[in-house]
Structures are given as structure tokens and as C-alpha cells.
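Colleague: Could you walk me through the side-chain contacts in this one? I would like to put my questions to you one at a time.

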Amino acid sequence: MATGWGGLIFGSIFASLLFIAIGIFSLVFWILMLVDSIQRKFKKSDERVIWVLVIILTGIIGALIYYFVVKRKAKR
């Protein structure tokens with residue numbers, strides 16, 4: 001029975017560390033997209049305000065949308 005508890009404890013620790021790592025990655029990504037949207041030169045000045053609000057109000061989902069719609073397109 002001790003082996004089962006060891007595996008359960010290891011699995012719990014692994015899952016916790018995985019969730020913490022995903023959370024930290026998401027926060028860093030969100031901050032990077034927010035900073036990029038603030039510093040980017042858009043064709044219209046109101047685009048910056050709109051993207052900043054989208055990223056702030058929708059969190060990581062808004063940051064992902066910004067990445068795929070604006071940042072990734074600008075790399076091409």
C-alpha cells in the first residue's frame with residue numbers, strides 16, 4: 001500500500017508544479033503581449049486603446065488573440 005501512496009503523492013506534486021509552471025508562463029505571456037500592444041505603432045491611434053482593453057479585460061484569451069491577429073502577422 002505504501003507504493004500506491006508514493007505514486008499518488010508524486011502525481012500530486014507533479015500536477016501542482018505543472019499548473020504553477022503553466023500559470024507563470026501564462027502571466028509572462030500576458031504581460032509581454034500587453035507591453036507589445038502598448039509600444040506598437042498602429043495605423044490608427046484608437047487601435048492601441050482597443051487592443052490594450054481587449055488584453056486587459058479578457059486575460060490570456062485576449063493575449064492569444066492579439067498574438068495570432070497582430071504580432072504573428074507582423075513577423076511575416
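The questions and answers below go through aromatic pairs, helices, salt bridges and the surface.

Colleague: Happy to start, but what kind of model is this, and how are its residues numbered?

Modeller: This is a predicted model, in which local features need pLDDT of at least 70 and side-chain atom pairs count only at pLDDT 80 or more, while totals for chains, interfaces and linings use all residues. Side-chain values use heavy atoms, with hydrogens and water left out, and residues are numbered from 1 along each chain as its sequence is written.

Colleague: Are the rings of F10 and F14 stacked or edge-to-face?

Modeller: Rings of Phe, Tyr and Trp (its six-membered ring) pair if their centres lie within 6.5 Å; planes under 30 degrees apart are stacked, over 60 edge-to-face, and the rest tilted. The structure holds five such aromatic pairs. For F10 and F14 the centres are 6.4 Å apart and the planes at 20 degrees, so the pair is stacked.

Colleague: Which helix holds F10 and F14?

Modeller: Helices here are DSSP runs (H or I, at least four residues), numbered from the N terminus. F10 and F14 are four residues apart, about one turn of the helix, and both lie in helix α1 (residues 2–39).

Colleague: Is F10 buried or exposed?

Modeller: Buried means under 20% relative accessible area, exposed over 50%, and partly exposed in between (1.4 Å probe, protein chains only). F14 has 51% and counts as exposed. F10 has a relative accessible area of 58%, and is exposed.

Colleague: How many residues apart in sequence are the parts that W51 and Y66 tie together?

Modeller: W51 and Y66 form an edge-to-face pair, 5.3 Å centre to centre with 70 degrees between the planes. Both W51 and Y66 are buried. W51 lies in helix α2 (residues 45–58) and Y66 in helix α3 (residues 60–75), so the pair ties together parts whose separation in sequence is 15 residues.

Colleague: Which residues of α2 are buried?

Modeller: α2 has 14 residues and reaches 21 Å from its first C-alpha to its last, close to the 20 Å expected at 1.5 Å a residue (that is, 1.5 Å times one less than its number of residues). Its buried residues cover an arc of only 100 degrees around the axis, which puts them on the same side of α2; the arc is that of the directions from the helix axis to the C-beta atoms. They are W51, V52 and I55.

Colleague: Which residue of α1 has its C-alpha atom 6.5 Å from that of W51?

Modeller: The residue sits 14 residues from W51 along the chain. With a relative accessible area of 0%, it is buried. It is S37.

Colleague: Which residues are joined into one network by salt bridges that share partners?

Modeller: A salt bridge is a side-chain nitrogen of Lys or Arg within 4 Å of a carboxyl oxygen of Asp or Glu, and the whole structure has two. R40 meets D36 with the closest N and O atoms 3.0 Å apart, and K71 meets D36 at 3.5 Å, N to O. The pair of K71 in helix α3 and D36 in helix α1 links distant parts of the chain, 35 residues apart. The network is made of D36, R40 and K71.

Colleague: And is D36 buried or exposed?

Modeller: Its partner K71 is partly exposed, at 21% relative accessible area. D36 itself has 16%, and is buried.

Definitions and conventions:
Helix = DSSP H or I, 4+ residues; strand = E, 2+ residues; numbered from the N terminus.
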